[in-house]
Structures are given as structure tokens and as C-alpha cells.
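Open the model in your viewer and keep the sequence panel visible. The tour goes from one selection to the next and says what to look for at each stop.

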Amino acid sequence: MALNLKGLCPLLGVYDMPSSIRFYRDKLDFEMVSHSPHRGGDDPDRFHWCWLRHGDTDIMLNSDYEFDEERPVPPDPKRSGRYAGVVLYFGCPDVEGAYAELRSRGVEVSAPKVERYGMKGISLRDPDGFLLIFHWQATEEETAAARKKQATEEETEAARKTPSS
């Protein structure tokens with residue numbers, strides 16, 4: 001019997017669930033699929049866990065703290081450091097359009113960049129510091145231009161490091 005997979009749904013531990021839900025829902029257009037029981041209070045986004053979806057992309061969020069009293073204020077810097085190597089890549093056919101839309105929503109996002117390996121992308125961080133990259137295959141022309149630019153930058157850097165005689 002062959003292994004049959006139908007997607008991937010990462011679970012991210014978050015510091016402040018309501019802030020994270022509002023970021024993914026209100027800034028990135030994810031929709032709530034399911035959630036744990038409401039934790040009480042006036043904030044409608046107070047859950048321990050939720051499952052969000054945008055098209056064919058799923059993500060789950062889980063509060064790192066069972067009770068609000070357990071959550072350090074301000075956040076412990078060591079906490080965000082443990083996620084330093086986590087990067088989520090989202091397939092996004094219209095990188096330029098996504099960039100313009102996110103900027104119009106007040107999201108801090110990098111300008112579109114074509115990487116030497118042929119992918120065009122933008123990047124941003126969510127409220128917990130997870131790196132999110134929205135990318136798609138660049139055109140051959142964009143890739144060639146990116147490779148040429150990077151080669152020129154490398155040559156310039158090498159020349160700068162070479163001692164003059």
C-alpha cells in the first residue's frame with residue numbers, strides 16, 4: 001500500500017492566541033475551521049487551539065500557556081529564539097499582488113525579491129516571530145537578472161576584500 005498524503009498542517013505554539021488569530025484571519029485572510037471551547041471573557045478569539053485555512057493551506061495555532069497568569073509579560077526573549085529556524089513557505093502565484101495587498105493592510109513585509117535559485121518571494125514575521133515567506137517560481141528573465149545581480153555583488157565584495165598593492 002502506497003503512502004497517500006493530502007497536505008501538511010503545521011501546529012505553531014503562540015504567545016497570545018487572540019493576537020495570532022487576528023493576524024492570520026484579518027491580515028492574511030485565513031478562515032476559522034475549528035477551535036477548542038472558548039476560554040471565557042469578552043474577547044471572542046480566546047481559545048487554547050484553533051485550525052485555520054486559506055484555500056488549500058491549513059495551519060493550527062496552540063496557546064503556549066494554559067492560563068493567562070502563566071504568560072510572562074513582557075514575552076520571554078528565549079521563547080522567540082526557539083523558533084528562529086522555523087520558516088513557513090506559502091505558494092503564492094501573485095507575489096507582487098500579495099505584497100501590495102499586505103502593505104495596504106499595514107503588514108510589515110519585505111519587497112519582492114527573486115532568489116538566485118529561481119523563486120520570487122516576500123517575507124514577513126507573525127506576532128510570534130515565525131518567518132512567513134510567500135513565493136512562486138520566477139520567470140526565466142527574472143531569474144537570469146537575479147543571478148547576474150548577485151554575481152556582480154559577489155565580485156564587488158571580493159574586490160573590496162582584496163588588499164590593494
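Select the hairpin of E7 and E8 and go to the turn: five residues lie between the two strands, and glycine 129 takes a positive phi near 90°. The model is a predicted one.

Now extend the selection to the strands on either side of that turn. E7 and strand E8, residues 131–137, run antiparallel and are joined by seven bridges. Show side chains for one pair across this ladder: isoleucine 122 stands opposite phenylalanine 134 in E8. Keep Phe134 displayed, since the tour returns to this residue at the pocket.

Next, select E7 alone, residues 119–125, and colour by accessibility. Is this strand mostly covered or mostly open? Mostly covered: of its seven residues, five are buried. In a regular strand the side chains alternate between the two faces of the sheet.

Move to the other neighbour of E7. Strand E6 is residues 113–114, and two bridges join E6 to E7 in an antiparallel arrangement. To find one of the partners, select lysine 113; across from it in E7 is glycine 121. The hairpin of E6 and E7 has four residues between the strands, and here glycine 118 is the residue with a positive phi, near 95°.

Go on to the largest pocket. Which residues lie nearest its centre? Select Leu28, His54, Cys92, Ala98 and Phe134, out of 14 lining residues. Two elements give two or more residues to this lining, strand E5 (87–91) and helix H3 (95–104). H3 gives the most, with three residues. Turn on the surface to view the space, which comes to about 290 Å³. Colouring the lining by residue class gives seven nonpolar, four charged and three polar residues.

The last stop is serine 36. Select the loop between strand E2 (31–35) and strand E3 (49–54), where this serine lies. Its relative accessible area is 15%, and because the cut-off for buried is under 20%, serine 36 counts as buried. What does its side chain reach? Draw a distance to the backbone nitrogen of histidine 48, which reads 3.1 Å. To see what else is around serine 36, leave aside the neighbours within four places in sequence; the residues in contact are then Phe47, His48 and Trp49. His48 therefore appears twice at this stop, as a contact of serine 36 and as the residue whose backbone nitrogen the serine side chain reaches, a pair inside the 3.5 Å limit for a polar contact.

Note on methods
Residues numbered from 1 in each chain as written. Predicted model: local features only at pLDDT ≥ 70, side-chain atom pairs only at ≥ 80, totals over all residues. Heavy atoms only, no water. Buried < 20%, exposed > 50% of the residue type's maximum accessible area, 1.4 Å probe, protein only. Pairing = 2+ DSSP bridges. 1 Å grid on protein atoms, 1.4 Å probe; cavity = no way out; pocket = protein on both sides within 12 Å on 5 of 7 lines; lining within 4 Å. Points joined across faces, edges and corners; volume = space filled by probe spheres on them. Nonpolar A, V, L, I, M, F, W, Y, C, P; charged D, E, K, R; others polar. Polar contact = N/O pair within 3.5 Å; in protein donor to acceptor, adjacent residues only side chain to side chain. Contact = heavy atoms within 4.5 Å.
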